[in-house]
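Open the model in your viewer and get ready to select residues as we go. We will visit some pockets and then look at how a chain is divided.

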Amino acid sequence: MIRYEQVTKRYPSGYEGLKDVSFHIEPGEMVFLTGPSGAGKSTLLKLTGLLERCTRGQVIVDNRNLAQMRPSEIPYHRRKVGMIFQDHRLLHDRPVFDNVALPLVVAGVGREEIGRRVRAALDQVGLLKKERSMPITLSGGEQQRVGIARAVVTRPPVLLADEPTGNLDPRLSAEIMKLFERFNQVGVTLLIASHDVSLIRRMGKRILVLDQGALTHDLPPGALNR
Amino acid sequence: MSLFKHFTPLRILLAHHLQTALASLGRLSRNPAGSLMTTAVIGIALAMPAGLHLILSNLQLLSDNWDGSSSISLFLKKEAPESGGRRLAERIGEMAEVSKVKFVTADESLAEFRRFSGFDDVLGLLQENPLPAVVLIQPKEQGGNPVSVEKLVEQLKKEALVDHAQIDLEWVKRFAAITRIAQRGVLILAGLLSMAVLLVIGNTIRLEIQNRHEEIEITKLIGATNAFIRRPFLYSGFWFGLLGGLFALLLVLLSAFLIQEPLLQLTILYNSGFTFSALDSTTLLGFLVGSPILGLLGAAIAVGRHLKRIEPA
C-alpha cells in the first residue's frame with residue numbers, strides 16, 4: 001500500500017529530512033513510526049500525503065508513483081489518504097458536524113449521503129451527541145476524535161496520524177489507539193507517528209524507527225514485547 | 001469508491017454552487033460594517049462616471065430641444081414684394097432640409113414688435129415701417145449637425161430677395177464640441193474608476209483570503225481542488241460587484257431626484273419641451289451586469305495571486 005524506495009528529502013536549506021529510506025507497508029497493516037524529535041517522522045508523513053515531494057527515490061501509494069502525479073491530481077490523492085494531526089486542525093467557526101462533513105462536501109457527495117456518513121463517523125468515535133457543538137467547547141480528547149471522524153468519513157484506504165496522542169493523558173491515548181485498531185480491523189492501512197514508546201510497545205504492532213532521517217530499525221509485530 | 005474519482009454529478013455541483021453563493025453572501029452580512037464600506041466605495045466610484053454620463057446625455061437632449069436656436073431667420077430686402085416673399089417661403093418649405101417655415105410680413109413684424117417692446121408711441125411717430133419681412137426656417141436636422149445647417153444658410157443667402165440671413169450657429173457648434181470632450185472625459189473617468197473598483201474588490205478578497213488562511217490550508221489537506229477553494233472568493237467578488245452596482249444605482253437615482261425639480265423649472269423658464277431622463281439602458285446594464293463582472297474579475301486576480309501561495313505544511 002505504501003512503498004518507499006531509497007527516498008531522500010533534502011530541503012532548500014540543505015537539511016536532509018530523510019536519507020535513503022526504503023520500506024513497504026502491506027494493505028491492512030498497522031504500523032508505528034517512531035524516533036526522537038527531528039528524526040524525520042513528520043517529513044515521511046508529509047511525503048506520503050503529498051504535502052511535499054521527495055528529492056530522490058520513489059514514494060508509491062496505492063500503486064501510484066507520487067512523483068508522477070500532476071498538481072491537479074493531488075486533491076484526489078489526498079482524499080484517499082486520511083490525515084490526523086496532533087493539533088487536530090479543526091475549523092473553529094463551525095460545529096462538529098460541519099467539520100466532519102467537509103471532506104464529503106469537497107468530494108461532491110449529496111446532502112442525505114453526507115448526513116448519513118457524518119453520523120456514522122461520529123458514532124464510531126463516540127461523539128454522536130456532540131454534532132451541534134462548537135469544537136472550542138470540546139475537550140482535547142474529543143477534539144482529536146472529531147479530527148479522526150473527519151479523516152475516516154470518506155472511508156479512505158490509508159490513514160496517516162502525526163502524534164495523535166501527543167497532548168492526551170494515557171487513558172485518552174489508549175482510547176484513541178483502540179479506535180485505530182478498530183479501523184485497522186476493517187482493512188484500513190494505518191501509519192502512526194508517535195514518540196510515546198510505552199504506548200507503542202503495548203500495541204505490539206510493526207515499528208519503523210527513524211533517527212536523523214535514516215531508517216534504523218524495522219521491527220516486526222510484537223518484537224518489543226518479548 | 002466514487003469519492004476518489006475526478007467527477008462530481010451536475011446536480012450536486014449546482015447545489016454546491018448555490019450553497020457557496022449563499023454562504024458568501026452570508027459571510028458579507030456577518031461583517032456588516034466592513035461589507036457596507038466596501039460596497040459604498042464601489043458604489044460611489046461607479047456612481048461618479050454614471051452621474052456625469054447622465055448629466056451629459058441630458059444636456060444633449062436639452063441641446064436637441066435647442067435646435068430652435070439653430071433656426072434660420074432670412075431678412076428680406078425692403079423693396080421685396082410681399083407676394084414674392086410668400087412664394088420664396090413656399091419654395092423653401094418644399095426643400096428636403098427644411099421641416100418648418102413661416103413667413104412674417106413687415107406689417108406683422110411691426111405689430112409683434114409693438115406688442116412686445118412697449119415702444120408703441122415711438123413707433124407711431126415713424127412714417128414707414130422700419131422692419132423687413134422675415135422668413136423663419138426650422139431646419140429638419142434634429143440632434144444638430146451644425147455643418148449642414150450652415151450649408152443651407154449659404155444656399156439661401158443666394159436668393160435674390162434675401163438681404164441677410166442670421167443663425168446662432170457658433171454657439172451650437174461650441175456646445176457640441178464641449179459635449180464631445182466631456183463625453184471622452186467621462187469615458188476616461190469610467191475606465192479609471194473601474195480600475196479602482198477592481199483594486200478595491202481585489203484587496204478586499206485578498207484580506208478575506210488572509211483571514212481564512214487556515215481554513216484554506218485545512219480544506220486543501222482534505223483534498224479540495226483549487227476550483228473548490230476559489231469558488232467562495234469568486235462569489236464574494238460577484239456579490240461585492242452586484243451590491244456596489246445597486247448602491248451606485250441608488251445614488252444616481254437619488255441625485256437625479258434631487259436635481260430634477262430645479263432643472264425642470266429652469267427649462268420651463270426657457271420655454272423648452274425638455275423632459276429629464278434619469279437612467280439609460282447602458283448605465284443600468286453597467287450597474288447590474290458590468291459591476292458584478294468587475295467584482296468577479298477583481299476576485300479572480302486576487303485569488304490567482306494569493307491562493308497558490310497557501311499550501312499546507
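Start with the lining of the largest pocket in this predicted model. Colour its residues by type and you should find 14 nonpolar, six polar and 10 charged ones. In total, 30 residues line this pocket, and its volume is about 1000 Å³.

To find the middle, select A:Arg94, A:Leu102, A:Val105, B:His16 and B:Gln19, the lining residues nearest the centre of the largest pocket.

Next, show the helices around it. Which elements each supply at least two residues of this lining? From chain A, select α3 (96–106) and α4 (111–124); from chain B, select α1 (10–30), α8 (213–221) and α9 (226–269). Pause on α1(B): with nine residues, it gives the largest share of the lining.

Now move to the second largest pocket, with a volume of about 390 Å³. Select B:Pro49, B:Ala190, B:Thr282, B:Thr283 and B:Gly286, which lie nearest its centre among 15 lining residues. Colour this lining by type too: eight residues are nonpolar, seven are polar and none is charged.

Which helix gives the most to this second lining? Select α10(B), which provides seven residues. The helices α2 (32–65), α7 (169–211) and α10 (281–306) of chain B each supply at least two.

Finally, zoom out to chain B. Give one colour to domain 1 (12–65 + 174–306) and another to domain 2 (72–166). How far apart are the C-alpha centres of these two domains of chain B? They lie 53 Å apart.

How values were computed: Residues numbered from 1 in each chain as written. Chains lettered and ligands numbered in written order. Predicted model: local features only at pLDDT ≥ 70, side-chain atom pairs only at ≥ 80, totals over all residues. Heavy atoms only, no water. Domains from an automatic or database assignment. 1 Å grid on protein atoms, 1.4 Å probe; cavity = no way out; pocket = protein on both sides within 12 Å on 5 of 7 lines; lining within 4 Å. Points joined across faces, edges and corners; volume = space filled by probe spheres on them. Helix = DSSP H or I, 4+ residues; strand = E, 2+ residues; numbered from the N terminus. Nonpolar A, V, L, I, M, F, W, Y, C, P; charged D, E, K, R; others polar.
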